[in-house]
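User: Please pick one part of this structure and examine its packing closely. I would like a single connected account that starts from one side chain and works outward.

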Amino acid sequence: FEQGLRNPKSHQNHFCLCVQLQTHFFDFRRIKIMWYLCVFFHRYLDYRKPEVESLAELFGAFENNQNDDVGSKLQWKLPQHHHPDSPFHLVNLPSEQIARKIANRSILVKGMYELWGEGGNYEELKGSIMSYPDERKVPYLDSNSTFRITVDTFGRVISQQEQKELIQGFSYIPFKGKVNLRNPDHNFWLIEIDNSEGSNGLPRVAQKTIFFGREVGGSDRKLIPTYELKSRNYLGPTAMDAEIAFLMANQALATPGKLVYDPFVGTGSILVAAAHYGAMTMGADIDIRVVRDGRGPDCNVWSNFKQYGLTMPVGLLRADNNLPPWRPGLKEIFDAIICDPPYGVRAGGRKSGGRKLLKGAVEPYIVPDDKRTDHIPSTAPYSLVECVHDLLDLAARMLVIGGRLVFFYPFLREEESPHNHFPEHPCFKLISSSEQILSSRYCRILLTMVKIGPYTEEVNLAARLKHLEFRENHVKWLEEGNLHSAVFSPADTQLTEAGDYKIKDQKPKYRGKYV
(Lines give C-alpha, C1' and ligand atoms only; values in the text may rest on other atoms or scores of the structure.)
Protein backbone atom coordinates (compact mmCIF):
# COMPACT_ATOMS: atom_id res chain seq x y z
CA PHE A 1 0.00 0.00 0.00
CA GLU A 2 2.90 2.33 0.86
CA GLN A 3 4.50 1.46 -2.47
CA GLY A 4 1.26 2.41 -4.15
CA LEU A 5 1.33 5.87 -2.55
CA ARG A 6 4.91 6.41 -3.66
CA ASN A 7 4.30 5.05 -7.16
CA PRO A 8 0.98 6.31 -8.62
CA LYS A 9 1.25 3.90 -11.56
CA SER A 10 1.01 0.91 -9.24
CA HIS A 11 -1.56 2.50 -6.95
CA GLN A 12 -4.51 0.89 -8.75
CA ASN A 13 -3.04 -2.62 -8.51
CA HIS A 14 -2.31 -2.25 -4.81
CA PHE A 15 -5.78 -0.84 -4.23
CA CYS A 16 -7.20 -3.98 -5.82
CA LEU A 17 -4.99 -6.04 -3.52
CA CYS A 18 -6.42 -4.20 -0.50
CA VAL A 19 -9.96 -4.85 -1.69
CA GLN A 20 -9.16 -8.56 -2.11
CA LEU A 21 -7.72 -8.71 1.39
CA GLN A 22 -10.85 -7.07 2.79
CA THR A 23 -12.99 -9.55 0.87
CA HIS A 24 -11.05 -12.51 2.27
CA PHE A 25 -11.34 -11.07 5.77
CA PHE A 26 -15.11 -10.77 5.33
CA ASP A 27 -15.32 -14.37 4.09
CA PHE A 28 -13.32 -15.47 7.13
CA ARG A 29 -15.77 -13.73 9.45
CA ARG A 30 -18.66 -15.30 7.59
CA ILE A 31 -17.12 -18.77 7.89
CA LYS A 32 -16.65 -18.31 11.63
CA ILE A 33 -20.39 -17.83 12.18
CA MET A 34 -21.34 -21.02 10.35
CA TRP A 35 -21.30 -22.94 13.62
CA TYR A 36 -24.88 -23.82 14.58
CA LEU A 37 -26.11 -25.30 17.84
CA CYS A 38 -27.62 -28.67 16.94
CA VAL A 39 -29.93 -30.02 19.64
CA PHE A 40 -30.82 -33.70 19.33
CA PHE A 41 -33.56 -35.74 20.88
CA HIS A 42 -31.95 -37.86 23.59
CA ARG A 43 -32.51 -41.23 21.86
CA TYR A 44 -30.78 -43.47 19.30
CA LEU A 45 -27.45 -41.89 20.20
CA ASP A 46 -25.39 -43.62 17.51
CA TYR A 47 -27.80 -42.59 14.76
CA ARG A 48 -27.73 -38.84 15.32
CA LYS A 49 -24.58 -37.61 13.58
CA PRO A 50 -24.77 -40.08 10.64
CA GLU A 51 -28.31 -38.89 9.88
CA VAL A 52 -27.27 -35.22 9.89
CA GLU A 53 -24.24 -35.95 7.70
CA SER A 54 -26.36 -37.90 5.22
CA LEU A 55 -28.88 -35.07 5.00
CA ALA A 56 -26.03 -32.56 4.62
CA GLU A 57 -24.87 -34.51 1.57
CA LEU A 58 -28.43 -34.72 0.24
CA PHE A 59 -28.83 -30.93 0.44
CA GLY A 60 -25.45 -30.12 -1.12
CA ALA A 61 -23.30 -29.25 1.89
CA PHE A 62 -20.26 -30.95 0.31
CA GLU A 63 -20.61 -29.61 -3.25
CA ASN A 64 -17.56 -27.35 -2.81
CA ASN A 65 -15.51 -30.05 -1.09
CA GLN A 66 -12.20 -30.06 -2.99
CA ASN A 67 -11.21 -33.45 -1.59
CA ASP A 68 -14.17 -35.08 -3.38
CA ASP A 69 -14.17 -37.74 -0.70
CA VAL A 70 -17.06 -40.23 -0.59
CA GLY A 71 -18.92 -40.04 2.70
CA SER A 72 -17.52 -36.63 3.68
CA LYS A 73 -17.84 -35.70 7.33
CA LEU A 74 -19.06 -32.49 8.90
CA GLN A 75 -17.06 -30.61 11.50
CA TRP A 76 -18.47 -31.13 15.00
CA LYS A 77 -17.59 -29.55 18.34
CA LEU A 78 -18.82 -30.28 21.84
CA PRO A 79 -19.74 -27.40 24.16
CA GLN A 80 -17.31 -27.09 27.03
CA HIS A 81 -17.65 -29.76 29.77
CA HIS A 82 -20.22 -31.77 27.76
CA HIS A 83 -20.24 -35.56 27.37
CA PRO A 84 -20.03 -37.05 23.82
CA ASP A 85 -23.52 -38.53 24.31
CA SER A 86 -24.93 -35.08 25.17
CA PRO A 87 -27.78 -33.94 22.91
CA PHE A 88 -26.01 -30.58 22.43
CA HIS A 89 -23.44 -30.28 19.65
CA LEU A 90 -22.03 -27.51 17.48
CA VAL A 91 -21.90 -28.26 13.75
CA ASN A 92 -20.32 -26.30 10.90
CA LEU A 93 -22.67 -25.89 7.91
CA PRO A 94 -22.21 -23.85 4.71
CA SER A 95 -25.44 -21.85 4.98
CA GLU A 96 -28.53 -21.23 7.05
CA GLN A 97 -30.67 -22.65 4.25
CA ILE A 98 -28.93 -26.02 4.47
CA ALA A 99 -29.16 -25.98 8.27
CA ARG A 100 -32.91 -25.33 8.01
CA LYS A 101 -33.46 -28.12 5.46
CA ILE A 102 -31.54 -30.62 7.62
CA ALA A 103 -33.46 -29.70 10.78
CA ASN A 104 -36.85 -29.76 9.07
CA ARG A 105 -36.34 -33.23 7.58
CA SER A 106 -34.32 -34.90 10.34
CA ILE A 107 -35.96 -37.38 12.70
CA LEU A 108 -33.51 -36.96 15.59
CA VAL A 109 -32.70 -33.23 15.41
CA LYS A 110 -34.95 -31.31 17.77
CA GLY A 111 -33.78 -27.96 16.47
CA MET A 112 -30.97 -26.05 14.79
CA TYR A 113 -30.09 -22.64 16.25
CA GLU A 114 -27.96 -19.61 15.46
CA LEU A 115 -26.24 -19.20 18.81
CA TRP A 116 -26.37 -15.61 20.10
CA GLY A 117 -24.77 -16.34 23.45
CA GLU A 118 -23.84 -18.91 26.07
CA GLY A 119 -22.58 -18.87 29.65
CA GLY A 120 -22.33 -20.67 32.96
CA ASN A 121 -24.80 -18.22 34.55
CA TYR A 122 -27.14 -15.49 33.39
CA GLU A 123 -24.58 -12.71 33.85
CA GLU A 124 -22.15 -14.49 31.55
CA LEU A 125 -24.99 -15.15 29.11
CA LYS A 126 -25.88 -11.43 29.05
CA GLY A 127 -22.30 -10.47 28.31
CA SER A 128 -22.10 -13.05 25.54
CA ILE A 129 -25.33 -11.84 23.90
CA MET A 130 -24.31 -8.17 24.15
CA SER A 131 -20.98 -8.95 22.44
CA TYR A 132 -22.66 -10.80 19.55
CA PRO A 133 -22.38 -8.62 16.37
CA ASP A 134 -25.28 -6.15 16.07
CA GLU A 135 -25.47 -6.67 12.31
CA ARG A 136 -26.46 -10.28 13.00
CA LYS A 137 -29.11 -9.35 15.58
CA VAL A 138 -30.78 -6.27 14.11
CA PRO A 139 -32.66 -8.00 11.20
CA TYR A 140 -34.57 -10.12 13.75
CA LEU A 141 -35.45 -7.29 16.13
CA ASP A 142 -37.38 -5.23 13.57
CA SER A 143 -40.70 -3.61 14.53
CA ASN A 144 -42.45 -5.22 11.55
CA SER A 145 -41.71 -8.77 12.79
CA THR A 146 -43.14 -10.90 15.60
CA PHE A 147 -41.20 -13.06 18.01
CA ARG A 148 -41.46 -15.58 20.83
CA ILE A 149 -39.03 -16.77 23.49
CA THR A 150 -39.30 -20.45 24.43
CA VAL A 151 -37.68 -21.83 27.58
CA ASP A 152 -36.33 -25.39 27.51
CA THR A 153 -34.32 -27.33 30.08
CA PHE A 154 -32.28 -30.52 30.12
CA GLY A 155 -31.91 -32.35 33.43
CA ARG A 156 -34.57 -30.53 35.45
CA VAL A 157 -38.08 -29.10 35.23
CA ILE A 158 -38.95 -25.47 35.94
CA SER A 159 -42.37 -23.95 36.65
CA GLN A 160 -44.30 -21.57 34.42
CA GLN A 161 -43.59 -18.75 36.87
CA GLU A 162 -39.83 -19.37 36.66
CA GLN A 163 -40.03 -19.42 32.87
CA LYS A 164 -41.88 -16.09 32.88
CA GLU A 165 -39.24 -14.51 35.13
CA LEU A 166 -36.41 -15.80 32.93
CA ILE A 167 -38.04 -14.39 29.78
CA GLN A 168 -38.57 -11.00 31.43
CA GLY A 169 -34.86 -10.99 32.24
CA PHE A 170 -34.05 -10.46 28.53
CA SER A 171 -35.24 -6.86 28.59
CA TYR A 172 -31.71 -5.80 27.59
CA ILE A 173 -32.33 -7.22 24.10
CA PRO A 174 -34.05 -4.40 22.13
CA PHE A 175 -36.98 -6.35 20.68
CA LYS A 176 -39.14 -3.87 18.74
CA GLY A 177 -41.70 -6.28 17.30
CA LYS A 178 -44.80 -7.74 18.89
CA VAL A 179 -45.02 -11.03 20.77
CA ASN A 180 -46.80 -13.84 18.92
CA LEU A 181 -46.94 -17.12 20.82
CA ARG A 182 -48.68 -19.16 18.13
CA ASN A 183 -47.00 -18.33 14.84
CA PRO A 184 -44.06 -15.92 15.30
CA ASP A 185 -41.72 -14.79 12.54
CA HIS A 186 -38.74 -15.50 14.79
CA ASN A 187 -38.55 -18.07 17.58
CA PHE A 188 -35.82 -17.59 20.19
CA TRP A 189 -34.84 -20.34 22.60
CA LEU A 190 -33.40 -20.20 26.09
CA ILE A 191 -31.92 -23.61 26.87
CA GLU A 192 -30.61 -24.42 30.32
CA ILE A 193 -28.56 -27.58 30.97
CA ASP A 194 -28.48 -28.54 34.63
CA ASN A 195 -25.34 -29.95 36.25
CA SER A 196 -27.10 -32.25 38.70
CA GLU A 197 -26.05 -35.86 39.26
CA GLY A 198 -26.98 -38.37 36.57
CA SER A 199 -28.80 -35.95 34.26
CA ASN A 200 -30.81 -38.15 31.87
CA GLY A 201 -28.35 -41.01 32.31
CA LEU A 202 -25.27 -38.93 31.45
CA PRO A 203 -22.31 -38.26 33.74
CA ARG A 204 -22.53 -34.97 35.61
CA VAL A 205 -21.21 -31.91 33.74
CA ALA A 206 -18.70 -29.67 35.50
CA GLN A 207 -20.96 -26.63 35.47
CA LYS A 208 -24.37 -25.42 34.32
CA THR A 209 -24.61 -24.28 30.70
CA ILE A 210 -27.11 -21.77 29.32
CA PHE A 211 -27.68 -21.16 25.60
CA PHE A 212 -29.69 -18.43 23.87
CA GLY A 213 -30.24 -18.52 20.14
CA ARG A 214 -32.53 -18.02 17.18
CA GLU A 215 -34.25 -21.10 15.81
CA VAL A 216 -33.21 -21.84 12.23
CA GLY A 217 -35.29 -25.00 11.82
CA GLY A 218 -36.89 -27.85 13.75
CA SER A 219 -38.13 -31.36 13.07
CA ASP A 220 -41.76 -32.24 12.50
CA ARG A 221 -42.50 -34.72 15.30
CA LYS A 222 -46.06 -35.21 14.02
CA LEU A 223 -44.56 -37.42 11.34
CA ILE A 224 -43.87 -40.38 13.63
CA PRO A 225 -47.36 -40.54 15.26
CA THR A 226 -48.88 -40.40 11.76
CA TYR A 227 -46.95 -43.46 10.60
CA GLU A 228 -46.69 -45.43 13.86
CA LEU A 229 -47.30 -49.15 13.50
CA LYS A 230 -50.33 -49.39 15.77
CA SER A 231 -52.39 -47.50 13.19
CA ARG A 232 -51.01 -49.39 10.18
CA ASN A 233 -53.47 -51.49 8.15
CA TYR A 234 -51.16 -54.41 7.36
CA LEU A 235 -48.52 -55.62 9.80
CA GLY A 236 -46.27 -58.61 10.25
CA PRO A 237 -44.15 -59.89 13.16
CA THR A 238 -41.02 -58.17 11.82
CA ALA A 239 -42.53 -54.89 10.57
CA MET A 240 -39.96 -52.11 10.93
CA ASP A 241 -40.63 -49.43 13.53
CA ALA A 242 -41.68 -46.18 11.83
CA GLU A 243 -38.96 -44.02 13.40
CA ILE A 244 -36.20 -46.45 12.41
CA ALA A 245 -37.65 -46.78 8.90
CA PHE A 246 -37.47 -43.01 8.41
CA LEU A 247 -33.89 -42.96 9.72
CA MET A 248 -32.99 -45.64 7.16
CA ALA A 249 -34.65 -43.64 4.38
CA ASN A 250 -32.64 -40.56 5.38
CA GLN A 251 -29.42 -42.59 5.41
CA ALA A 252 -30.27 -43.79 1.90
CA LEU A 253 -30.90 -40.20 0.69
CA ALA A 254 -34.44 -41.01 -0.45
CA THR A 255 -35.77 -38.14 -2.54
CA PRO A 256 -38.03 -37.59 -5.61
CA GLY A 257 -36.63 -39.13 -8.77
CA LYS A 258 -34.71 -41.92 -7.02
CA LEU A 259 -35.57 -45.62 -7.23
CA VAL A 260 -35.35 -47.49 -3.89
CA TYR A 261 -35.41 -51.28 -3.64
CA ASP A 262 -36.06 -53.59 -0.66
CA PRO A 263 -35.25 -57.27 -1.38
CA PHE A 264 -36.91 -58.36 1.91
CA VAL A 265 -39.97 -56.16 1.65
CA GLY A 266 -42.33 -58.01 4.03
CA THR A 267 -45.20 -55.64 4.84
CA GLY A 268 -43.44 -52.70 3.20
CA SER A 269 -42.63 -50.57 6.24
CA ILE A 270 -39.25 -49.39 4.92
CA LEU A 271 -40.60 -48.58 1.47
CA VAL A 272 -43.46 -46.58 3.03
CA ALA A 273 -40.86 -44.27 4.62
CA ALA A 274 -38.94 -43.92 1.34
CA ALA A 275 -42.19 -43.18 -0.55
CA HIS A 276 -43.05 -40.47 1.98
CA TYR A 277 -39.96 -38.57 0.80
CA GLY A 278 -41.03 -38.92 -2.82
CA ALA A 279 -38.83 -41.81 -3.94
CA MET A 280 -40.06 -44.45 -6.36
CA THR A 281 -40.10 -47.81 -4.63
CA MET A 282 -39.81 -51.47 -5.55
CA GLY A 283 -39.76 -54.57 -3.35
CA ALA A 284 -39.41 -58.32 -3.35
CA ASP A 285 -40.03 -61.20 -0.97
CA ILE A 286 -39.64 -64.95 -1.21
CA ASP A 287 -43.13 -65.52 0.25
CA ILE A 288 -45.71 -65.07 -2.51
CA ARG A 289 -48.46 -64.82 0.10
CA VAL A 290 -46.95 -61.61 1.49
CA VAL A 291 -46.51 -59.68 -1.75
CA ARG A 292 -49.62 -60.96 -3.54
CA ASP A 293 -52.30 -61.82 -1.01
CA GLY A 294 -51.67 -60.22 2.39
CA ARG A 295 -54.80 -60.68 4.48
CA GLY A 296 -57.24 -59.76 1.76
CA PRO A 297 -57.85 -57.14 -0.94
CA ASP A 298 -57.97 -54.29 1.60
CA CYS A 299 -55.19 -55.51 3.91
CA ASN A 300 -51.90 -55.97 2.09
CA VAL A 301 -48.71 -54.14 1.18
CA TRP A 302 -50.55 -51.99 -1.37
CA SER A 303 -53.13 -50.90 1.22
CA ASN A 304 -50.34 -49.52 3.44
CA PHE A 305 -49.37 -47.08 0.69
CA LYS A 306 -53.01 -46.25 -0.02
CA GLN A 307 -53.60 -45.54 3.68
CA TYR A 308 -51.11 -42.65 3.63
CA GLY A 309 -51.86 -41.42 0.13
CA LEU A 310 -48.40 -42.40 -1.14
CA THR A 311 -47.36 -43.32 -4.65
CA MET A 312 -47.73 -47.06 -5.16
CA PRO A 313 -44.57 -49.17 -5.65
CA VAL A 314 -43.31 -49.64 -9.18
CA GLY A 315 -43.63 -53.36 -8.53
CA LEU A 316 -43.63 -56.08 -5.88
CA LEU A 317 -41.91 -59.31 -6.90
CA ARG A 318 -41.92 -62.85 -5.63
CA ALA A 319 -38.15 -63.22 -5.81
CA ASP A 320 -35.34 -65.05 -4.06
CA ASN A 321 -32.32 -63.03 -2.93
CA ASN A 322 -30.23 -66.19 -3.46
CA LEU A 323 -31.46 -66.55 -7.06
CA PRO A 324 -32.21 -62.98 -8.22
CA PRO A 325 -34.63 -62.68 -11.15
CA TRP A 326 -32.73 -60.03 -13.10
CA ARG A 327 -31.73 -60.80 -16.68
CA PRO A 328 -27.96 -61.13 -17.41
CA GLY A 329 -26.30 -57.82 -18.17
CA LEU A 330 -28.85 -55.72 -16.30
CA LYS A 331 -27.11 -53.54 -13.71
CA GLU A 332 -26.97 -50.13 -12.05
CA ILE A 333 -30.69 -49.34 -11.98
CA PHE A 334 -31.32 -48.64 -8.26
CA ASP A 335 -30.29 -45.48 -6.44
CA ALA A 336 -30.56 -47.13 -3.03
CA ILE A 337 -31.18 -50.54 -1.48
CA ILE A 338 -32.64 -50.48 2.03
CA CYS A 339 -33.51 -53.64 3.93
CA ASP A 340 -33.60 -55.60 7.15
CA PRO A 341 -32.32 -59.09 6.26
CA PRO A 342 -33.68 -62.05 8.22
CA TYR A 343 -31.06 -63.05 10.78
CA GLY A 344 -32.83 -65.86 12.57
CA VAL A 345 -33.89 -64.30 15.88
CA ARG A 346 -37.53 -63.44 15.25
CA ALA A 347 -37.72 -64.85 11.72
CA GLY A 348 -35.31 -67.09 9.85
CA GLY A 349 -34.19 -66.62 6.27
CA ARG A 350 -35.41 -68.88 3.49
CA LYS A 351 -34.20 -69.57 -0.03
CA SER A 352 -35.66 -71.52 -2.94
CA GLY A 353 -35.13 -75.21 -3.43
CA GLY A 354 -36.21 -77.24 -0.44
CA ARG A 355 -33.93 -79.58 1.50
CA LYS A 356 -34.39 -82.59 -0.79
CA LEU A 357 -33.81 -80.57 -3.94
CA LEU A 358 -30.65 -78.92 -2.57
CA LYS A 359 -29.28 -82.29 -1.45
CA GLY A 360 -29.99 -83.82 -4.87
CA ALA A 361 -32.55 -86.29 -3.51
CA VAL A 362 -35.12 -85.10 -6.05
CA GLU A 363 -34.79 -83.66 -9.53
CA PRO A 364 -35.84 -80.08 -10.42
CA TYR A 365 -39.43 -79.97 -11.57
CA ILE A 366 -41.80 -77.66 -13.47
CA VAL A 367 -45.09 -76.68 -11.82
CA PRO A 368 -48.07 -77.46 -14.10
CA ASP A 369 -49.97 -74.42 -15.38
CA ASP A 370 -53.21 -75.39 -13.65
CA LYS A 371 -51.48 -75.41 -10.23
CA ARG A 372 -49.32 -72.30 -10.48
CA THR A 373 -51.87 -69.93 -8.96
CA ASP A 374 -52.02 -71.70 -5.59
CA HIS A 375 -48.56 -73.26 -5.62
CA ILE A 376 -46.24 -72.37 -2.71
CA PRO A 377 -42.62 -73.11 -3.76
CA SER A 378 -40.48 -75.24 -1.47
CA THR A 379 -37.81 -73.37 0.51
CA ALA A 380 -34.78 -74.24 2.61
CA PRO A 381 -32.97 -72.48 5.48
CA TYR A 382 -30.92 -69.46 4.44
CA SER A 383 -28.04 -68.65 6.79
CA LEU A 384 -27.17 -65.03 7.51
CA VAL A 385 -23.61 -65.34 6.22
CA GLU A 386 -24.93 -66.49 2.83
CA CYS A 387 -27.72 -63.91 2.89
CA VAL A 388 -25.31 -61.00 3.49
CA HIS A 389 -22.99 -62.20 0.72
CA ASP A 390 -25.88 -62.36 -1.75
CA LEU A 391 -27.11 -58.95 -0.64
CA LEU A 392 -23.70 -57.34 -1.22
CA ASP A 393 -23.41 -59.03 -4.62
CA LEU A 394 -26.89 -57.82 -5.59
CA ALA A 395 -26.12 -54.26 -4.47
CA ALA A 396 -22.76 -54.25 -6.27
CA ARG A 397 -24.51 -55.21 -9.51
CA MET A 398 -27.70 -53.16 -9.28
CA LEU A 399 -26.75 -49.92 -7.52
CA VAL A 400 -25.58 -46.89 -9.47
CA ILE A 401 -22.16 -45.44 -8.66
CA GLY A 402 -22.67 -43.35 -5.53
CA GLY A 403 -25.79 -45.33 -4.61
CA ARG A 404 -26.27 -46.41 -1.01
CA LEU A 405 -26.79 -49.79 0.61
CA VAL A 406 -28.44 -49.44 4.04
CA PHE A 407 -29.14 -52.59 6.05
CA PHE A 408 -29.19 -54.00 9.55
CA TYR A 409 -26.58 -56.48 10.71
CA PRO A 410 -26.85 -58.45 14.00
CA PHE A 411 -24.07 -58.27 16.55
CA LEU A 412 -23.23 -60.13 19.76
CA ARG A 413 -22.48 -57.58 22.50
CA GLU A 414 -19.38 -59.26 23.93
CA GLU A 415 -16.37 -56.96 23.89
CA GLU A 416 -14.04 -59.95 23.83
CA SER A 417 -15.92 -61.63 20.98
CA PRO A 418 -13.82 -62.25 17.84
CA HIS A 419 -16.98 -62.07 15.73
CA ASN A 420 -17.29 -58.29 15.93
CA HIS A 421 -16.48 -57.65 12.31
CA PHE A 422 -18.55 -56.16 9.48
CA PRO A 423 -18.92 -57.69 6.00
CA GLU A 424 -16.92 -56.02 3.23
CA HIS A 425 -17.03 -55.71 -0.54
CA PRO A 426 -14.56 -54.11 -2.99
CA CYS A 427 -17.34 -52.02 -4.56
CA PHE A 428 -18.39 -50.39 -1.28
CA LYS A 429 -17.08 -48.01 1.32
CA LEU A 430 -18.59 -48.16 4.81
CA ILE A 431 -19.44 -44.60 5.88
CA SER A 432 -21.38 -45.17 9.10
CA SER A 433 -22.39 -47.86 11.60
CA SER A 434 -25.06 -47.16 14.22
CA GLU A 435 -25.85 -49.52 17.09
CA GLN A 436 -29.34 -50.27 18.35
CA ILE A 437 -29.22 -52.25 21.59
CA LEU A 438 -31.88 -54.96 21.65
CA SER A 439 -30.85 -56.85 24.79
CA SER A 440 -27.86 -57.35 27.06
CA ARG A 441 -26.71 -60.09 24.68
CA TYR A 442 -27.10 -58.74 21.20
CA CYS A 443 -27.82 -55.65 19.16
CA ARG A 444 -28.16 -54.77 15.54
CA ILE A 445 -25.99 -52.31 13.62
CA LEU A 446 -27.33 -50.11 10.84
CA LEU A 447 -24.61 -50.20 8.19
CA THR A 448 -24.53 -47.52 5.49
CA MET A 449 -22.33 -48.22 2.49
CA VAL A 450 -21.67 -46.19 -0.66
CA LYS A 451 -20.85 -47.78 -3.99
CA ILE A 452 -17.49 -46.42 -5.12
CA GLY A 453 -16.62 -48.59 -8.14
CA PRO A 454 -18.18 -50.58 -11.01
CA TYR A 455 -18.97 -54.27 -10.78
CA THR A 456 -16.64 -56.50 -12.84
CA GLU A 457 -15.68 -60.16 -12.89
CA GLU A 458 -12.41 -59.28 -11.13
CA VAL A 459 -14.38 -57.51 -8.41
CA ASN A 460 -16.70 -60.52 -8.15
CA LEU A 461 -13.71 -62.83 -7.58
CA ALA A 462 -12.22 -60.52 -4.93
CA ALA A 463 -15.61 -60.29 -3.23
CA ARG A 464 -15.91 -64.08 -3.10
CA LEU A 465 -12.50 -64.36 -1.45
CA LYS A 466 -13.57 -61.81 1.15
CA HIS A 467 -16.77 -63.77 1.67
CA LEU A 468 -14.90 -67.04 2.24
CA GLU A 469 -12.65 -65.34 4.79
CA PHE A 470 -15.66 -63.77 6.48
CA ARG A 471 -17.54 -67.09 6.50
CA GLU A 472 -14.57 -68.92 8.03
CA ASN A 473 -14.30 -66.39 10.87
CA HIS A 474 -18.02 -66.05 11.58
CA VAL A 475 -19.58 -69.39 10.73
CA LYS A 476 -19.94 -70.34 14.41
CA TRP A 477 -22.77 -67.95 15.11
CA LEU A 478 -23.93 -66.82 11.65
CA GLU A 479 -25.00 -70.29 10.58
CA GLU A 480 -28.61 -71.35 10.91
CA GLY A 481 -29.90 -71.29 14.49
CA ASN A 482 -26.71 -70.29 16.31
CA LEU A 483 -27.57 -66.60 16.73
CA HIS A 484 -31.02 -67.56 17.97
CA SER A 485 -29.44 -69.92 20.49
CA ALA A 486 -26.97 -67.28 21.66
CA VAL A 487 -29.80 -64.82 22.24
CA PHE A 488 -32.31 -67.12 23.91
CA SER A 489 -30.06 -69.53 25.82
CA PRO A 490 -30.17 -69.46 29.66
CA ALA A 491 -28.78 -66.28 31.20
CA ASP A 492 -25.66 -67.90 32.64
CA THR A 493 -24.31 -69.35 29.39
CA GLN A 494 -22.51 -68.01 26.34
CA LEU A 495 -21.37 -69.33 22.96
CA THR A 496 -17.76 -70.56 22.86
CA GLU A 497 -15.33 -70.84 19.96
CA ALA A 498 -16.23 -74.51 19.55
CA GLY A 499 -19.92 -73.69 19.20
CA ASP A 500 -20.74 -74.94 22.70
CA TYR A 501 -21.99 -73.01 25.70
CA LYS A 502 -20.24 -72.30 28.99
CA ILE A 503 -20.95 -70.46 32.22
CA LYS A 504 -20.01 -66.78 31.95
CA ASP A 505 -19.39 -64.01 34.39
CA GLN A 506 -22.05 -61.33 34.51
CA LYS A 507 -20.62 -57.90 33.70
CA PRO A 508 -22.51 -54.64 33.96
CA LYS A 509 -22.71 -52.88 30.59
CA TYR A 510 -22.84 -49.11 30.38
CA ARG A 511 -24.72 -48.11 27.23
CA GLY A 512 -22.83 -44.87 26.72
CA LYS A 513 -19.18 -43.92 26.58
CA TYR A 514 -17.01 -42.97 29.53
CA VAL A 515 -14.71 -40.01 29.14
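Analyst: **F246 and the packing of helix 9**

When residues up to four places away in sequence are not counted, F246 touches I107, L223, I224, Y227, A273, H276 and Y277, where contact means heavy atoms within 4.5 Å. This is a predicted model, in which local features need pLDDT of at least 70 and side-chain atom pairs count only at pLDDT 80 or more, while totals for chains, interfaces and linings use all residues. Residues are numbered from 1 along each chain as its sequence is written, and side-chain values use heavy atoms, with hydrogens and water left out.

F246 also contributes to the contact between helix 9 and helix 10, together with A245, M248 and A249 of helix 9, and the partners on helix 10 are S269, I270, A273, A274 and H276. Helices and strands here are DSSP runs numbered from the N terminus, helices being H or I of at least four residues and strands E of at least two. Helix 9 spans residues 242–251 and helix 10 residues 269–276, and the two pack at an angle of about 55 degrees with their axes 8 Å apart; axes are lines fitted to C-alpha atoms, for helices over the stretch in contact, and angles run from 0 to 180 degrees between N-to-C directions. Because of that angle, helix 9 is oblique to helix 10, given that angles under 35 degrees count as roughly parallel, over 145 as roughly antiparallel, 65 to 115 as roughly perpendicular and the rest as oblique. Helix 9 passes helix 10 in a right-handed crossing, meaning that the near helix is turned clockwise from the far one by less than a right angle, whereas anticlockwise would be left-handed. Divided by class, the contact of helix 9 with helix 10 has 7 nonpolar, 2 polar and no charged residues; Ala, Val, Leu, Ile, Met, Phe, Trp, Tyr, Cys and Pro count as nonpolar, Asp, Glu, Lys and Arg as charged, and the others, Gly among them, as polar.

F246 belongs as well to the largest nonpolar core, a set of 41 residues in which Y227, F246 and M248 have the most contacts. Such a core is made of buried Ala, Val, Leu, Ile, Met, Phe, Trp, Tyr and Cys residues joined through side-chain atoms within 4.5 Å, and buried means under 20% relative accessible area, exposed over 50%, partly exposed in between, for a 1.4 Å probe and protein chains only. Two or more residues come from each of helix 8 (223–227), helix 9, helix 10, helix 11 (288–293), helix 12 (301–307), strand 12 (334–339) and strand 15 (399–412). Helix 9 gives the most, with 7 residues. A second, separate core of 36 residues includes A319, L394, A395 and F428. In soluble globular proteins, nonpolar side chains tend to be buried together.

Helix 9 has a further partner in helix 3 (residues 48–58), the two packing at about 45 degrees with their axes 8 Å apart, so that helix 3 is oblique to helix 9. Here P50, E51, S54 and L55 of helix 3 meet L247, N250 and Q251 of helix 9, and these residues divide into 3 nonpolar, 3 polar and 1 charged. Helix 3 is itself mostly covered, with 8 of its 11 residues buried, namely R48, P50, E51, V52, E53, S54, L55 and A56. Y44, in the loop between strand 1 (35–40) and helix 3, has a positive phi of about 45 degrees although it is not a glycine, and just after helix 3, G60 takes a positive phi of about 85 degrees.

On the side of helix 10, V265 lies in the loop between strand 9 (259–262) and that helix, and V265 counts as buried because its relative accessibility is 5%. Leaving aside neighbours within four places in sequence, V265 is in contact with L271, G283, A284, D285, V291 and L316. The C-alpha atoms of V265 and V290 are separated by 8.9 Å, although the two residues are 25 apart along the chain.

For the wider setting, the protein chain has 16 helices and 19 strands, and buried residues make up 48% of its 515 residues. Among contacts between residues at least 6 apart in sequence, 73% join residues at least 24 apart.
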